[in-house]
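Work through the exercises below with the structure open beside you. Try each task before you read its solution.

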Amino acid sequence: MSKATPLDQLCIDTLRTLAMDAVQAAKSGHPGTPMALAPVGYCLWQRFLRYDPQDPIWPNRDRFVLSVGHASMLLYGLLHLAGVKAVNAEYEQVGSPSVSLDDIRNFRQLDSKTPGHPEYRWTSGVECTTGPLGTGNATSVGMAIASRWLAARYNRPDFTLFDYDVYSLCGDGDLMEGVCSEAASLAGHLRLDNLCWLYDNNRITIEGATGLSFSDDVATRFVGYGWNVLRVADANDLEMLSRALRTFRATTGRPTLIIVDSQIAWGAPNLQGKAKAHGEPLGEEEIRRTKRFYGWPEDEKFRVPDGVREHFAAEMGKRGATLRSDWLELFDRYRERFPAEAEEIVRMQRREVPAGLDAELPTFPADAKGMATRVASGQVLQKVGEKMPWLLGGSADLAPSTKTLLGFPGAGDFLAGQWDGRNLRYGIREFAMGCASNGLALSKLRAYASTFLIFSDFARGAIRLSALMELPVIWIFTHDSIGVGEDGPTHQPVEQLASLRAIPGLVVMRPADANEVVECWRVIASLRHEPVALVLTRQDVPTLDRSRYASAAGAARGAYVLADAAPGQKPEVILIGTGSELQLCVAAHEELAAAGIHSRVVSMPSWELFEQQEEAWRDEVLPPDVIARVAVEQGATQGWAHYVGNKGAVIGMHTFGASAPLAELRHKFGFTPERVADAAREQIARARGELQGPPRFRD
């Protein structure tokens, strides 16, 4: 079936009018694009999408991403009409509608399931959070990679467990953003023929016609990326849409771009094709006239005619239920034949830690020379990767430097036609790498992505989305300070640590030695909903003697007492360090002890983990009555006042770095044990009231 029937048109116009009414009721939103793309969404969902509304987390479902997230009412309308069921945070099916008609009436209102842009984990059936243009498309590349990898690892003759396709609906704004170019280039290189982007070519953005700023030959551009490019001249033509989607399914060796020409706010007599219809309500009178054009009751709002929901259930619902039922029966037989692989799939879907992982992690002996924490992390990563077969990832062309290349037997590279590799070669595409990693995590794989800390800025939008979606992506950032030496200020991160800590939900870890690295990885492996930024040194740092200092296990609580005042003595000053600067605190502690000054050294690899601890623990580590405090970190000082107090000392970076050998940089910027000891003495004097005026060791 391809041609539109009266019932098809009724369903399409229901989607359109729901979008108009919801935006008008909210007095904000984007009605024009849902009106234009209602036939596209309808055709894809009703005729092609392999998806069971009764189980929206069925592992082999097709994925639909609304990259053009401002058109959220199109997705909410589809979720409602298809009868998609809600699931809770633990992925246990609960049976209530994902999007009710009341939710649509409360579009963009507090606590409704219909926020302004689709939010993963907030509305069941939303496969990923979209809104920042381009990121939905880029995330879909990760989903397509996941489908290919899952098939390569788990499918067996007569047991096709994974073969799902990924669709992303995008617009002009998506294709203008650079991340789309990165992602499209990567997808074409990998020949992801299970990926289809449907491009809404409506030639309108907020400011007006796209001709003001955008004149790309999109078709030629994507042919150059190695894509198959199709065109549908009218978004209302269900026959041509169906033909294009069938062609996508038949295409091998290339992803597909379907360019769909549309008219924004189709059917609105005064606003069709106008920028005004992009981002504001049509107005009551224009809505009445548009409904009149559709043959719709003009004054009836949020109307869902009889037969519409039933039509979705009879086609999409019936098809999806059969596919899911067949898959579950197949998986039961697969479990009997391949129990180990089936157990992996179950653990992966539940984000569980593999049995025995903890016992495989190494312990590093004390060593004054030590090793770079990136090197220690690389060794731990190999162990985690061997025990967690669904861990995969890569770097932005920096794996030899970030120590993130999986090298154990069977790891291999993920390449076009070689889908079982664990090492993803992202090339120099930090933003696309980050979005693809989110796509892998959304597919329940455990993903990591790595680059230098300074280049985390290129991936900032993807990192934020990891946190917003509560995805346990592992971000591995090395070369974490002025310790990169001669590379100079362009490669020396200063503000990046503070900016990462400012992202809600992101756990930032900056371990001080090899054994703290192990403890950080122990925490990382167990996380289910929290992304992590693991921040590591390029240069060697001492591996501390844990028979002399406290166990590194304390790192799991974010901060712990590494070294303390002599037995029976109360510390006069607390020295707090992270990463490579902890060794400065230890050296200053020894200098102060020799002078009869009682100090405490606190290692604080993670603010976020420390803040999750009970107050009694935090007060035990940082006693409130010890107000003389010094924090040392080779980064911007913002936020440290929370731990040292408004008058505490913070030895950090207040300018950009410089190009010079590391030893010279440490001296120039004051990262020496002597300066830490001097700051401690000053803090003690201030606590005793012996000094007035501003501290020397603060901004």
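**Exercise 1. Find which backbone nitrogen the side chain of Ser-124 reaches, and at what distance.**

Solution. The model is a predicted one.
- Step 1: locate the residue. Ser-124 sits in the loop between helix H4 (101-105) and helix H5 (135-154).
- Step 2: check its exposure. The relative accessible area of Ser-124 is 12%. Buried means under 20%, so Ser-124 is buried.
- Step 3: list what it touches. Residues up to four places away in sequence are not counted. Ser-124 then touches Leu-79, Val-84, Lys-85, Ala-86, Val-87 and Ser-98.
- Step 4: pick out the polar contact. The side chain of Ser-124 reaches the backbone nitrogen of Val-87, at 2.9 Å.

**Exercise 2. Stay in the loop between H4 and H5, and describe phi and exposure for Arg-108 and Asp-111.**

Solution.
- Step 1: recall the background. Most residues other than glycine have a negative phi.
- Step 2: take Arg-108. This residue belongs to the loop between H4 and H5. Its phi is positive, near 70°.
- Step 3: classify Arg-108. With a relative accessible area of 28%, Arg-108 is partly exposed.
- Step 4: take Asp-111. The loop between H4 and H5 holds this residue too. Asp-111 is not a glycine, yet its phi is positive, about 70°.
- Step 5: classify Asp-111. Its relative accessible area is 59%. Exposed means over 50%, so Asp-111 is exposed.

**Exercise 3. Describe the surroundings of Asp-513.**

Solution.
- Step 1: place it. Asp-513 lies in the loop between strand E16 (507-509) and H19.
- Step 2: check exposure. Its relative accessibility is 0%, so Asp-513 counts as buried.
- Step 3: list the contacts. Neighbours within four places in sequence are left aside. Asp-513 is then in contact with Thr-373, Val-541, Pro-542, Thr-543, Leu-544 and Arg-546.
- Step 4: find the polar contact. The side chain of Asp-513 reaches the backbone nitrogen of Leu-544 at 3.0 Å.
- Step 5: look further off. Met-176 is 337 residues from Asp-513 along the chain, and 43 Å separates their C-alpha atoms.

**Exercise 4. Is helix H19 largely enclosed or open?**

Solution.
- Step 1: get its extent. H19 covers residues 514-526, which is 13 residues.
- Step 2: check its span. From first C-alpha to last, H19 reaches 19 Å, close to the expected 18 Å.
- Step 3: name the buried residues. They are Ala-514, Asn-515, Glu-516, Val-517, Val-518, Glu-519, Cys-520, Trp-521, Val-523, Ile-524 and Ala-525.
- Step 4: conclude. Of the 13 residues in H19, 11 are buried, so the helix is largely enclosed by the rest of the structure.

**Exercise 5. How many cavities of 30 Å³ or more are there, and what lines the largest and the second largest?**

Solution.
- Step 1: count. There are three cavities of 30 Å³ or more.
- Step 2: take the largest. It holds about 80 Å³ of space. Its lining includes Met-348, Trp-390, Lys-444 and Ala-525.
- Step 3: sort that lining by class. The largest cavity has seven nonpolar, four charged and no polar lining residues.
- Step 4: take the second largest. Its volume is about 40 Å³. Ala-512, Val-541, Pro-542, Leu-544, Gly-579, Leu-582 and Gln-583 line it. Strand E18 (540-543) and helix H20 (582-594) each give two or more residues to this lining.
- Step 5: sort again. The second largest cavity has five nonpolar, two polar and no charged lining residues.

Notes
Residues numbered from 1 in each chain as written. Heavy atoms only, no water. 1 Å grid on protein atoms, 1.4 Å probe; cavity = no way out; pocket = protein on both sides within 12 Å on 5 of 7 lines; lining within 4 Å. Points joined across faces, edges and corners; volume = space filled by probe spheres on them. Nonpolar A, V, L, I, M, F, W, Y, C, P; charged D, E, K, R; others polar. Helix = DSSP H or I, 4+ residues; strand = E, 2+ residues; numbered from the N terminus. Expected span 1.5 Å × (residues − 1). Buried < 20%, exposed > 50% of the residue type's maximum accessible area, 1.4 Å probe, protein only. Polar contact = N/O pair within 3.5 Å; in protein donor to acceptor, adjacent residues only side chain to side chain. Contact = heavy atoms within 4.5 Å.
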